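Trainee: Before I rely on any of the labels attached to this model, I would like to go through them one at a time and see the reasoning behind each.

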Amino acid sequence: MGLVAAVDEIAGELYGVDPDAFVAARTAAVAGAKAAGDKALAREVATLRKPTRSAWLLNLLTRTQPERLAVLPELGARLAAATAALDVTAVRAAARDRATVVGDLTGLAVEAGRRAGYDGGEAVQCVI
């Protein structure tokens, strides 16, 4: 396995753990890479940044319900096309749809966090 693939695999694992456990998990991954004699991998893994709680919740949603995010590319394309065409009616409609989708996804991410043991309450929904 190449360096990039190895880093991607480890990052995938690390970004799945609760942010409170991230630093310890990253430290263990770095130590494992060093013990295996892969200093380049250890160096790259050490650069991975701890995710914010909001980013972790979105990562969790991506892992548990990826199909729910499938609407985002089409919605973004609609909004971009309407903006490029200077179609105010279409921009407003796409913006309303975006607000609805973001609200729905936020609720799903918060619920996924609760199922994973994190309950940030309503404050979390304001940050995502």
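Trainee: Why does Leu-86 count as exposed?

Mentor: This is a predicted model, so the argument rests on values computed from its coordinates. The relative accessibility of Leu-86 is 72%, and exposed means over 50%, so Leu-86 counts as exposed. Leu-86 sits in the loop between helix H5 (71-84) and H6, and its phi is near 55 degrees, a positive value in a residue other than glycine.

Trainee: What makes Gly-12 partly exposed?

Mentor: Gly-12, which belongs to helix H1, has a relative accessibility of 29%. Buried requires a value under 20% and exposed one over 50%, so at 29% Gly-12 counts as partly exposed. As for its surroundings in space, the C-alpha atoms of Gly-12 and Asn-59 are 9.7 Å apart, although the two residues are 47 apart in sequence.

Trainee: How do you know that the buried residues of H1 line one face of the helix?

Mentor: The buried residues of H1 are Ala-6, Val-7, Ile-10, Ala-11 and Leu-14. Seen down the axis of H1, these residues fall within an arc of 130 degrees, so they line one face. The general background is that an α-helix has 3.6 residues a turn, so residues three or four places apart point the same way. On the face of H1 turned away from the buried side are the exposed residues Val-4, Asp-8 and Glu-13, whereas the buried residues pack against helix H2 (19-35) and helix H3 (39-46).

Trainee: Why are the buried residues of H3 placed on the same side of that helix?

Mentor: Those residues are Leu-41, Ala-42 and Val-45, and they cover an arc of only 100 degrees around the axis, which puts them on the same side of H3. Lys-39 and Arg-43 are exposed on the other side, while the buried residues of H3 pack against H1 and H2.

Trainee: What makes the largest nonpolar core a shared feature of H1, H2 and H3?

Mentor: The largest nonpolar core has 13 residues, of which Ile-10, Leu-14, Leu-41, Val-45 and Leu-48 touch the most other members. H1, H2 and H3 each supply at least two residues of this core, and H1 gives the most, with five. Leu-41 shows how such links arise: leaving aside its neighbours within four places in sequence, Leu-41 is in contact with Leu-3, Ala-6, Val-7, Ile-10 and Ala-33. There is also a second, separate core of 11 residues, which includes Trp-56, Leu-75, Val-101 and Leu-105.

Trainee: Why is the aromatic pair of Tyr-15 and Phe-22 called stacked?

Mentor: The structure holds two aromatic pairs, and this is one of them. The ring centres of Tyr-15 and Phe-22 are 5.4 Å apart, with 20 degrees between the planes; since pairing requires centres within 6.5 Å, and planes under 30 degrees apart count as stacked, both conditions are met and the pair is stacked. Phe-22 itself has 0% relative accessibility and therefore counts as buried.

Trainee: Then what makes the pair of Trp-56 and Tyr-118 edge-to-face?

Mentor: Their ring centres are 6.3 Å apart and their planes stand at 90 degrees; because the cut-off for edge-to-face is over 60 degrees, the pair is edge-to-face. Trp-56 lies in helix H4 (residues 53-64) and Tyr-118 in the loop between helix H6 (88-115) and helix H7 (122-127), so the pair ties together parts that are 62 residues apart in sequence. The burial classes of the partners follow from the values: Trp-56, at 2% relative accessibility, counts as buried, and Tyr-118, at 22%, counts as partly exposed.

Trainee: How do you know that the charged end of Arg-53 sits over the ring of Tyr-118?

Mentor: The charged end of Arg-53 is 3.9 Å from the centre of that ring, and the distance limit is within 6 Å, with a further condition of lying within 35 degrees of the ring normal. Arg-53 also lies over the face of Trp-56, at 5.0 Å from the ring centre.

Trainee: And why does Arg-53 count as buried?

Mentor: The relative accessibility of Arg-53, a residue of helix H4, is 17%, and buried means under 20%, so Arg-53 counts as buried. Apart from neighbours within four places in sequence, Arg-53 is in contact with Asp-18, Pro-19, Asp-20 and Tyr-118.

Notes
Residues numbered from 1 in each chain as written. Predicted model: local features only at pLDDT ≥ 70, side-chain atom pairs only at ≥ 80, totals over all residues. Heavy atoms only, no water. Buried < 20%, exposed > 50% of the residue type's maximum accessible area, 1.4 Å probe, protein only. Helix = DSSP H or I, 4+ residues; strand = E, 2+ residues; numbered from the N terminus. Arc of directions from axis to C-beta. Contact = heavy atoms within 4.5 Å. Phe/Tyr/Trp six-rings, centres within 6.5 Å; stacked < 30°, edge-to-face > 60°. Core = buried A, V, L, I, M, F, W, Y, C linked by side-chain atoms within 4.5 Å.
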